[in-house]
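Let's take a walk through this structure together, from paired strands to charged side chains. Have the viewer ready as you read.

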Amino acid sequence: MARILPSRLRAGAHAALLLTAALAAACSLQELPDEETGMPVFTLDGLLEGQPLRLRAGLEDYYLQTSYQRDADAGIWIMQGAFAPDNCTSCPGKLEISFRDVRATAPGSGVDMPEALSPGVRPYYLADGQTGGFVYEVVFFNESPPDAAQYEWDFGDGALHQGPNPVHTYSDTALTEVQVCLEAVDASGCNTIVCSPVQLDPGGCSADFTYELFPGTNFVGFASSVSGTPPYRFRWSFGDGYGARLGNPGYTYAVPGRYTVCMTVTDATGCSRTVCKTISSDPSLCTYNFTYQVSRRGVADPLQGGRVRVRWTDAAGRVWDSALKPQPAESRFELLRQEPYRANLDGDPTRKVELALGCLLFSEEDTLRLEQVQAVTAVAYPD
């Protein structure tokens, strides 16, 4: 059975792992304990420029190096794992994957690893620091009667606001839809709450509807306003258990009152939007609704928290780095799962990490394509 050294100390390797001259190293690379097993614990499979790339820690003098260091300027810990050869001229090159903590911490503090390595899609780090962040800025327009006296907004991300037409910024760009609620009270004390999905990702379609009351009846007419790629599929819920699949339905309520009506529209590309409003078949009852407008705005991101970096050193010693230029839209990095692993020989705790990625690697003049990567690696971190 093969002896697997998940981590290996190599002279000079620590200096090579510095991300920039400003990074302050926290410790040297350390070995994880030897492990006897029939199969390698740490592996990587993928395509490099269309050719199979297969790395196995513990075979043919190939090892997994683990380290951590600190970006002193940003106050961010960086945790790394690198598949690397040792005294092996026929082995592939070195491939290093590093993770930035999601938040800045005080010097001497540790890392909340369940948070820092939480599963999900991660953006790529940019070495020039000019990235990379963006936020969704949403302007809300209430459609309440002019005599409304109080407004209470719940933006669906834990933030609240009091006022008629707020502007709210969503910094969590993993969100694509949030449920926003408006509670309004008019001067007479009439109170209504309306909740509706708000689509943050603009996508390729939009939807809204208007309605008309017919005095003396319980009949309400609805008119949709949509954009996208036809044909469209409609699904209406009238708030009393009944619905329709027409574009512009009319409906007679059995009991006069106030109802929450929702319309969902799906276009030919699968783009879907849902809009909900409170309506009343009785004009004497107050109703409150809102519309919104979303814009995506770039912001400075000096910390680049939660970002990842991939570097490849080929057999000739040439370094290729995912961080030298912005990644194209199709590049992807997904952290699938992580779990505690045994401490290395220096006593530093480690985590085993499973991931999938595809990206471009850049030198000063050329580009390599790394794709279809599935890997199990490990990182050390400050406790």
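Buried here means under 20% relative accessible area, exposed means over 50%, and partly exposed lies in between. With a relative accessible area of 32%, R318 is therefore partly exposed. Please keep in mind that this is a predicted model.

A good place to start is strand 14, which covers residues 177-186. Seven of its ten residues are buried, so the rest of the structure largely encloses this strand. Its antiparallel pairing with strand 15 (residues 191-199) runs over nine bridges. If you look for V185, you will find its bridge partner N191 in strand 15. Four residues lie between the two strands of this hairpin, and G189 takes a positive phi near 95° there.

Further along comes an open sheet of three strands, paired antiparallel in the order 16-17-20. Strand 16 (206-213) and strand 20 (250-252) stand at the edges with a single partner strand each, so one side of each has no neighbour in the sheet. On average, neighbouring strands of this sheet are turned by 25° against each other, direction ignored. Strand 16 and strand 17 (residues 219-227) run antiparallel and are joined by eight bridges. Within strand 17, V220 stands opposite L213.

Now for the charges. Side chains of opposite charge can pair when their charged atoms come close. The structure holds 13 salt bridges. One of them joins the side chains of D208 and K277, at 3.1 Å from N to O. This pair links distant parts of the chain, with D208 in strand 16 and K277 in strand 22 (residues 272-280), 69 residues apart. D208 counts as partly exposed because its relative accessibility is 27%, whereas K277, at 5%, counts as buried.

We can now return to R318, whose side chain meets that of E365 in a salt bridge (3.3 Å, N to O). These partners are 47 residues apart, and both sit in loops: E365 between strand 27 (350-362) and strand 28 (367-380), R318 between strand 24 (308-313) and strand 25 (319-321). E365 has a relative accessible area of 61%, so it is exposed.

A further salt bridge brings together the side chains of E339 and K352, at 3.7 Å from N to O. E339 belongs to strand 26 (residues 332-341) and K352 to strand 27, 13 residues apart. E339 counts as partly exposed at 36% relative accessibility, and K352 counts as partly exposed at 22%. Elsewhere, D45, R54 and R56 are joined into one network by salt bridges that share partners.

Note on methods:
Residues numbered from 1 in each chain as written. Predicted model: local features only at pLDDT ≥ 70, side-chain atom pairs only at ≥ 80, totals over all residues. Heavy atoms only, no water. Buried < 20%, exposed > 50% of the residue type's maximum accessible area, 1.4 Å probe, protein only. Pairing = 2+ DSSP bridges. Axes fitted to C-alpha atoms, helices over the stretch in contact; angles between N-to-C directions. Salt bridge = Lys/Arg side-chain N within 4 Å of Asp/Glu carboxyl O.
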